[in-house]
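Dear colleague,

I am handing over the structure we spoke about, with notes on what was found in it below. Please read them beside the coordinates.

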Amino acid sequence: MQAHYNPVWNMDSVFPGGSESAEFAAFLTQLEKNIGLLGDQVHKAKEAAEQDLLPVWRELLAAIQNTSAQLREAGAFISCLTAQNVHDENAKLLSGQVKNLSAALGAVINIWEEQLLALSEDAWNKLVEDEAIKPLAFPLNERRRRAKEKLPVEQEILANDLAIDGYHAWQDLYNTVVGRITIPHEVDGKVKQLSVGQADNVMHSPDMSVRQEMFAKWEAAWGKEADLCAHALNHLGGFRLNLYRHRGWDSIMKEPLDINRMSEQTLDAMWSAINESKDKLVQYLNRKAKLLGMTKLGWVDVAAPVGKVTKTVSYDEGAAFIIEQFGRFSPKMADFARKAFEQRWIEAEDRAGKRPGGFCTSFPVSKQSRIFMTYAGNASNVSTLAHELGHAYHQHVMNDLPQMVQGYAMNVAETASTFAEMIVSDAAVKLAESREEKIALLEDKIQQTVAFFMNIQARVIFEKNFYAERKKGLVSKAKLNQLMEDAQKEAFNDALSEYHPHFWASKLHFYITTYPFYNFPYTFGYLFSLSIYARALSEGASFEQKYIDLLRDTARMTVEELAQKHLDVDITKPDFWRAAVKLTVQDVEEFLQLTE
């Protein structure tokens, strides 16, 4: 008998009462006190003589990690509240409170980082070789290096404080804009006002007229809000450029590459291998256009389903399939997924008032995760659900590690999630019950390749060109549209008949303040996970523990070191990436053969 799962998450097991939670209010009060106490400890450490450092720093590092975990817990709870109901005004107020606490902790950390620089080399080496502190050596050395590249501590604290009502406030404005957008859609003679998340699902309709009508409304809706979105994007970009200029950073890519612990050589090698495969993807796009009865695909048609397979997959069926397929690779991964469904860690209900997109966030104090998405019953939704469960599993296997070595970067985070997604999508293709279903599922899988190789590359091109323009002054919405469309044409080899000029407005990723260039890590994770998946297929059950070991190391070394240690490969060379790209080309070739 198939298990039944509730698609609405349970937030009360973390803090009961939602945005009115008395427990959460008390948690924030205690967190504020803990940040103050941590500040006292930082000053105590500053006054300690170098010969007395070890006991003081052991205690200090424990406090830093505990307080950081509590702030992550609060931030995760707020992100869930604001996502599940974009109209929750109290949640928005709490979000401001958490940002203030984050700034306060950031100020304390900045003072502590000044101490990292003040220590002599002998004292520093003695510190990171201490038995209790040695497990934290990588993030500590990383922090010390980064601190050397920043402004004097007083200026960094000032920039951090000003960012609350400046930099981060522009993301808040964008979220407010998203929350007020509704798009009309007629179903069975009745007009419904859809949220942007619901409207996005409609654009995946198999009916060409339905998706094209919705795309026109989508463009128009974002066009109406383009002024505000342009203001937000311009000021986010301006803040970054000014801060980088004062720090003496001459490349807009310095911070995103450093955050992702990867070299520009690795990034260039990846894009080089991808660009070599573009002709094959253009063949796929042209074949898809022919199958849909079109001369060329428009932007909204790229993600349209192919074939007559209209089978919907219920939430329970999707959950059962994910658990089963995870189990074929890793019983531990399957057990974890089952727990997430049973304990209602997933918000998947299709309802109005939710923000668009999907995410996974973790609660380091509660040792839980939460997954957010809008599940409409298509194959893409099942893949997204598996993707987010991959994120959650990644955190799960690291829960017993010190907080400081749980801070894995976005690119390797996307490796775990895309690996989980690959397990499920590959199984769906292999288990297809008919040729037509196999074509549809294979095509859905290839859509991911197009997204990672072309759509995301368009975002990278756009952002680089936007920052080049922003250095000259404010960029108009008309210019933003032009930059966006030009980037899409370049990334898609001009294979489409129509593009999405307001994509810069509609895509949340451009407005996220915690991660600049929230794009290329997805492509890295996709290709890196393909290599891991190929290794898992060849090694079978013995690879389960190797995979866990790789995940546990993701915040303890650079991605180049990670690949060398666990896969014995050099990812700074295009050859590694070509081998991964070749796996995606095989899918395209099979699709082309099936659709002759």
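Helix H10 covers residues 226-247, and because a rise of 1.5 Å a residue over its 22 residues should give a span of 32 Å, the 31 Å between its end C-alpha atoms agrees with that expectation; the expected span is taken as 1.5 Å times one less than the number of residues. Directly after H10 comes Gly248, with a positive phi near 85°. Helices (H or I, at least four residues) and strands (E, at least two) are DSSP runs numbered from the N terminus.

This is a predicted model, in which local features need pLDDT of at least 70 and side-chain atom pairs count only at pLDDT 80 or more, while totals for chains, interfaces and linings use all residues. Residues are numbered from 1 along each chain as its sequence is written, and side-chain values use heavy atoms, with hydrogens and water left out.

Turning to the strands, where pairing requires at least two DSSP bridges between two strands, S1 (residues 183-187) and S2 (residues 190-194) run antiparallel and are joined by five bridges. Ile183 has Leu194 as its bridge partner in S2, and Glu186 stands opposite Val191. Two residues lie between the strands of this hairpin, where Asp188 adopts a positive phi near 55°.

There is also an open sheet of three strands in the order S3-S5-S4, with mixed pairing, whose edge strands, S3 (346-347) and S4 (359-363), each pair on one side only. S3 pairs with S5 (residues 368-372) in the parallel sense over two bridges, and the partner of Glu347 in S5 is Phe372. Helix H16 (residues 379-396) lies across S3, S4 and S5, running at about 160° to S5; that angle is taken between N-to-C directions on a scale from 0 to 180 degrees, with axes fitted to C-alpha atoms and, for helices, over the stretch in contact, meaning heavy atoms within 4.5 Å.

For empty space, a 1 Å grid over the protein atoms alone was used: a cavity is a set of points where a 1.4 Å probe fits but cannot get out, a pocket is an open set with protein on both sides within 12 Å along at least five of seven lines, and lining residues have an atom within 4 Å of a point. Volumes are the space filled by probe spheres set on the points, which are joined across faces, edges and corners.

The structure holds three cavities of 30 Å³ or more, and the largest has a volume of about 80 Å³. Its lining includes Ser383, Asp444, Lys445 and Tyr526, and helices H17 (410-430) and H18 (435-470) each supply at least two residues of it.

The second largest pocket holds about 1,300 Å³ of space. Of its 49 lining residues, Lys311, Thr312, Gly377, Asn378 and Ala379 are the closest to its centre. H18 gives the largest share of that lining, seven residues.

Best regards
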